Amino acid sequence: MRFKEPYSLFKKTLQSGKKVYYVSFYDANGKRRQLSTGQTRKAFAEQIAVKLYFEGKFFPNIPNQLYSGQNLIIQPNLDISNSHANLPSYPTFSEYTIDWFDYDKCDYIREKLVHGFHYTPNHAYRMKEYLNIRITPFFGFYRINEIDEFIVEKFIEKLKLEEHLSNSTINNSIKILKVILGYAFRKNDIPVDIAKKIKYLKNDSCTRGIFTNEEAEELFSITRVSELWKGNFTYYLMNYLSGHTGMRFGEVQALHLSSVFEDHILVRHSWDEKFGLKDTKNHKERTVPISKDLYLLLQNLSKNHTEGEYVFSFKNGKTPACRHDMYRLLKHALNGIGISDDEIKERHLSFHSWRHFYNSKLINSGIPKSIVQSIIGHVNDDSMTEH
């Protein structure tokens with residue numbers, strides 16, 4: 001007897017040039033159908049195809065007993081002439097989102113920009129990563145009209161119980177899903193506004209760490225640069241600058257000599273390891289005061305740069321210093337003053353802790369919150385209370 005495979009996989013090149021695997025099968029009416037798995041790797045596509053098959057997506061009205069353990073059992077030719085199941089006309093989630101968060105192709109991003117909102121290539125890239133890594137592997141084979149709050153709940157359970165992700169991390173995926181489904185409803189691509197029914201999890205974000213005055217004094221001791229910072233004055237001064245201005249790490253990286261004045265720094269940009277120079281987080285320039293001594297330190301550090309204006313650079317000012325190397329050296333310095341790796345993790349200490357340190361210093365000095373807010377670069381009072 002000749003047996004017939006229930007489905008087959010093949011690779012298809014989309015208009016975007018991306019190559020993804022499709023699954024081909026015969027539906028309940030004996031008509032050949034194709035579905036995108038949204039996957040570029042055959043192993044992942046095979047997993048989705050087996051799941052579709054096991055859940056009866058290929059033969060909606062026929063009990064599916066072709067799956068045993070981890071082995072797919074080949075079934076003889078089936079008589080499905082009396083079945084009247086019809087596949088929905090809606091696209092799958094993976095098909096619908098194929099161009100989502102592609103900066104040059106995504107309709108959602110284009111509309112945001114037309115309406116005057118900021119949407120950077122860097123942010124789009126991060127959202128695309130979340131979509132591809134966390135969301136599409138779960139929802140990819142569902143048609144967009146099939147997704148409801150109960151399916152989303154199963155998705156949340158998977159992230160929480162199987163991948164052990166925090167609520168705040170899961171909420172990032174929920175936010176993206178709500179954006180996509182909400183947009184689909186507004187464009188009449190789905191009949192129900194399911195995005196309104198999807199709820200966020202309780203926020204479990206950890207309180208950001210902060211350095212004590214005593215710790216800052218030890219870390220910034222000029223006599224201990226060789227010991228704590230391995231003699232690397234550039235990374236020492238990056239931390240020192242943040243501790244005395246509250247500048248974010250990307251803003252410190254992006255600092256140009258032309259933005260450094262005797263009594264202040266004009267914070268104009270931030271730096272991204274992938275996309276390079278970009279706007280500050282709130283897309284606004286701000287002025288932060290500095291001392292004459294700090295001004296001279298910054299001038300002296302960059303006075304010999306001949307190929308660019310980046311103050312903190314190991315390539316003559318052409319490109320900024322590396323984030324990874326700075327964090328490695330900061331960890332070494334913290335260990336050097338008696339803060340263990342476990343304590344660093346427990347207290348959530350990082351370069352960003354300097355920002356909290358400086359924020360607290362200004363508030364404790366009695367400076368009005370409105371002025372602190374403008375120096376730190378917060379957009380509202382709520383964000384200040386996190387410090």
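**Entry 1: a pair in α12**

I began with R328, which forms a salt bridge with D325, and the closest N and O atoms are 3.7 Å apart. The model is a predicted one, and I kept that in mind throughout. Next I looked up where the two residues sit. Both are in helix α12, residues 323-336. R328 and D325 are three residues apart, so about one helical turn separates them.

Then I checked accessibility. R328 has a relative accessible area of 44%, so I noted R328 as partly exposed. D325 has 27%, so D325 is partly exposed too. The range for that label runs from 20% to 50%.

I also found a network in the structure. Salt bridges with shared partners join R134, K158 and E163 into one network.

I came back to R328 for one distance. W229 is 99 residues away from R328 along the chain. The C-alpha atoms of R328 and W229 are 10.0 Å apart.

**Entry 2: more salt bridges**

How many salt bridges does a search of the whole structure find? I noted 14.

I picked R110 and D107 from the structure. Their side chains meet in a salt bridge, at 3.8 Å from N to O. Both residues lie in helix α3, residues 107-114. R110 and D107 are three residues apart, about one turn of the helix. R110 has 45% relative accessibility, so R110 counts as partly exposed. D107 has a relative accessible area of 41%, so D107 is partly exposed as well.

I then turned to R286 and E251. Their side chains meet in a salt bridge at 2.8 Å, N to O. Which parts of the chain does this pair link? R286 is in strand β11, residues 286-289. E251 is in helix α10, residues 249-253. The two residues are 35 residues apart, and the pair links distant parts of the chain. Are R286 and E251 buried or exposed? I found R286 buried, and E251 buried too.

**Entry 3: the second largest pocket**

I moved on to empty space. Rolling a probe the size of a water molecule over the atoms shows where such space is left. The second largest pocket holds about 600 Å³ of space. I found 27 residues lining this pocket. Those closest to its centre are Q39, I48, T136, P137 and F138.

Which elements give two or more residues to the lining? They are α1 (42-54), α4 (121-139) and α5 (149-162). The largest share comes from α4, with eight residues.

I sorted the lining of the second largest pocket by class. It has eleven nonpolar residues, eight polar and eight charged.

**Entry 4: the span of α6**

I tested helix α6 against a simple rule. The helix covers residues 167-186, which is 20 residues. At 1.5 Å a residue, α6 should span 28 Å. The multiplier in this sum is one less than the number of residues, so the steps between residues are what count. The end C-alpha atoms of α6 are 28 Å apart, so the expected span and the model agree.

**Entry 5: two positive phi angles**

I read the backbone angles next. Most residues other than glycine have a negative phi. I therefore wrote down two residues with a positive one.

Just after α6 comes N188, with a positive phi of about 60°. N188 is not a glycine. N188 sits in the loop between α6 and α7 (213-219). At 68% relative accessibility, N188 counts as exposed, because the cut-off for that label is over 50%.

F101 is not a glycine either, and its phi is positive at about 70°. Where is F101 placed? I found F101 in the loop between α2 (93-96) and α3. F101 has a relative accessible area of 5%, so F101 is buried. The cut-off for buried is under 20%.

**Entry 6: S302**

My last look-up was S302. S302 is in helix α11, residues 292-302. Its relative accessible area is 4%, so S302 is buried. What does S302 touch, leaving aside its neighbours within four places in sequence? I found contacts with L257 and V311.

Notes. Residues are numbered from 1 along each chain as its sequence is written. This is a predicted model: local features need pLDDT of at least 70, side-chain atom pairs count only at pLDDT 80 or more; totals for chains, interfaces and linings use all residues. Side-chain values use heavy atoms; hydrogens and water are left out. On a 1 Å grid over the protein atoms alone, a cavity is a set of points where a 1.4 Å probe fits but cannot get out, and a pocket is an open set with protein on both sides within 12 Å along at least five of seven lines; lining residues have an atom within 4 Å of a point. Grid points are joined across faces, edges and corners, and a volume is the space filled by probe spheres set on the points. Helices (H or I, at least four residues) and strands (E, at least two) are DSSP runs, numbered from the N terminus. Ala, Val, Leu, Ile, Met, Phe, Trp, Tyr, Cys and Pro count as nonpolar, Asp, Glu, Lys and Arg as charged, and the others, Gly among them, as polar. A salt bridge is a side-chain nitrogen of Lys or Arg within 4 Å of a carboxyl oxygen of Asp or Glu. Buried means under 20% relative accessible area, exposed over 50%, partly exposed in between (1.4 Å probe, protein chains only). Contact means heavy atoms within 4.5 Å.
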